[in-house]
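The following exercises concern one protein model, shown below. Each task is followed by a solution that proceeds step by step.

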Amino acid sequence: MSVTQVIAIDWSGRVDAAGQRRHIYAARWHNGKVTLTNGRTRQETAKWLIKLAKDDPSLVVGFDFCFSFPAWFLRELEMESAPQFWRLVTEQHGERWLSRECEDRRFWGKPHKRPAEFSGDRLHRMLRATDIDCKLVALIPEEERALRVKGITPKSVFQIGGSGSVGTASLRGMPVLLQLREAGFSVWPFDPPKLPLVVEMYTRLNTGPVHKSNPERRAEYLLRKRKEDPAYAALPRGVLQTARAGEDAFDALVSMMVMVERRDEFPRLVQPRDPLHAMEGWTWAPDLQATQKKKSRR
């Protein structure tokens, strides 16, 4: 089955419905037509995706949050898989870990600082294998990967407060993954890559090194893309205006454009070679297939 729909969603961990509707952006490509919209909560987004998949299951969705935690943490909780962990998050621990009253100081951010357990030579403990692969330049042996992620700082799913708090969006996204999986979506790499399909993405790998929070830099980026790429030149003016106006919309649109360019790869995704992927998940990257083929030849 060929992919006829691609949706990239810039996610939000905000607790209030108004904040979710303002910050969750969905860029959708459907047989060449592109839309860029917000106005949905997390639950409304899940219901929307389920309806779209019922009408046309040849759908790929990318979310920009972590689909799991480091394997050692799941084992500590006696979890055997990420989907099992999602249920634990949904039914018991998610909002408790996000509470300021949480006694587990491994969940850090405002008002708590990063614990010593995740500092110095133990920094790697707060990251999944895929986070290290994508974001820690110093630990990436292949030169081309190091260049790809130059200037990207590591973020941990244990961070639930302060700038770039990945954990908040992730813990509030896992119930949606569970809901989509139960509705028939495959969630890669925990499930075989069949449509409708959900993947974890990292927007910085899609946009490259651009100052996304600066409106002028966003405008320059999109103008350059329109000159260089016929797919961008064909985008509706309103879509481009929305992407220029805010970082959330910009991330969603650019990520969707990257995914559309590679849409034929998704039904053929291979399992990551790192054995931790079954528990930790893996971030889909624009050159993932090429990287896997390189590794398999070594």
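**Exercise 1. Salt bridges**

The structure holds 15 salt bridges, a salt bridge being a side-chain nitrogen of Lys or Arg within 4 Å of a carboxyl oxygen of Asp or Glu. The model is a predicted one, in which local features need pLDDT of at least 70 and side-chain atom pairs count only at pLDDT 80 or more, whereas totals for chains, interfaces and linings use all residues. Residues are numbered from 1 along each chain as its sequence is written, and side-chain values use heavy atoms, with hydrogens and water left out.

Task: determine which parts the salt bridge of Arg-21 and Glu-44 ties together.

Solution.
1. The closest approach of the side chains of Arg-21 and Glu-44 is 2.7 Å, N to O.
2. Helices (H or I, at least four residues) and strands (E, at least two) are DSSP runs, numbered from the N terminus.
3. Arg-21 belongs to helix 1 (residues 17-23) and Glu-44 to helix 2, so the pair links parts that are 23 residues apart in sequence.
4. For accessibility, buried means under 20% relative accessible area, exposed over 50%, and partly exposed in between (1.4 Å probe, protein chains only).
5. Arg-21 is partly exposed at 33%, and Glu-44 is partly exposed at 32%.

Task: state where the partners Arg-87 and Glu-91 lie, and how far apart their closest N and O atoms are.

Solution.
1. Both residues lie in helix 4, four residues apart, about one turn of the helix.
2. The closest N and O atoms of this salt bridge are 3.4 Å apart.
3. Arg-87 is partly exposed, with a relative accessible area of 35%, while Glu-91 is exposed at 55%.

**Exercise 2. A buried charge**

Task: identify the side chain of opposite charge that is nearest to Arg-218.

Solution.
1. Arg-218 is located in helix 10 (residues 215-228).
2. Lys and Arg count as positive and Asp and Glu as negative; His and the chain ends are not counted.
3. The nearest side chain of opposite charge is that of Glu-247, 5.2 Å away; Arg-218 is buried yet has no salt bridge.
4. Contact means heavy atoms within 4.5 Å. Not counting residues up to four places away in sequence, Arg-218 touches Lys-212, Ser-213, Ala-243, Arg-244, Ala-245, Gly-246, Glu-247 and Phe-250.

**Exercise 3. The nonpolar cores**

Task: find which element gives the largest share of the largest nonpolar core.

Solution.
1. A nonpolar core is a set of buried Ala, Val, Leu, Ile, Met, Phe, Trp, Tyr and Cys residues joined through side-chain atoms within 4.5 Å.
2. The largest such core has 53 residues, and Phe-63, Phe-69, Phe-85 and Phe-158 have the most contacts inside it.
3. Elements that give two or more residues to this core include strand 1 (5-10), helix 2 (42-55), strand 4 (59-63) and helix 4 (82-98).
4. Helix 4 provides the largest share, seven residues.
5. Beyond four places in sequence, Phe-85 touches Ser-68, Phe-69, Phe-73, Leu-74, Leu-77, Met-79, Trp-97 and Met-174.
6. A second, separate core of 37 residues includes Leu-197, Tyr-232, Met-256 and Leu-269.

Task: list the buried residues of helix 8 and elements that cover them.

Solution.
1. Met-174, Val-176, Leu-177, Leu-178 and Leu-180 are the buried residues of helix 8.
2. Their cover includes helix 2, strand 4, helix 4, helix 7, strand 5 (186-187) and strand 6 (197-201).

**Exercise 4. Backbone angles**

Task: state which peptide bonds that lead to Pro-189 and Pro-196 are present, cis or trans.

Solution.
1. Most residues other than glycine have a negative phi, and most peptide bonds are trans.
2. The bond from Trp-188 to Pro-189 is cis, with omega near 5°.
3. The bond from Leu-195 to Pro-196 is also cis, with omega near -5°.
4. Pro-189 sits in the loop between strand 5 and strand 6, and the place of Pro-196 is in the loop between strand 5 and strand 6.

Task: locate Asn-31 and Glu-78, and give the phi of each.

Solution.
1. Asn-31 lies in the loop between strand 2 (25-30) and strand 3; its phi is near 50°, a positive value in a residue other than glycine.
2. Glu-78 lies in the loop between helix 3 and helix 4 and has a positive phi of about 60° although it is not a glycine.
3. Asn-31 counts as exposed at 54% relative accessibility, and Glu-78 is exposed at 67%.
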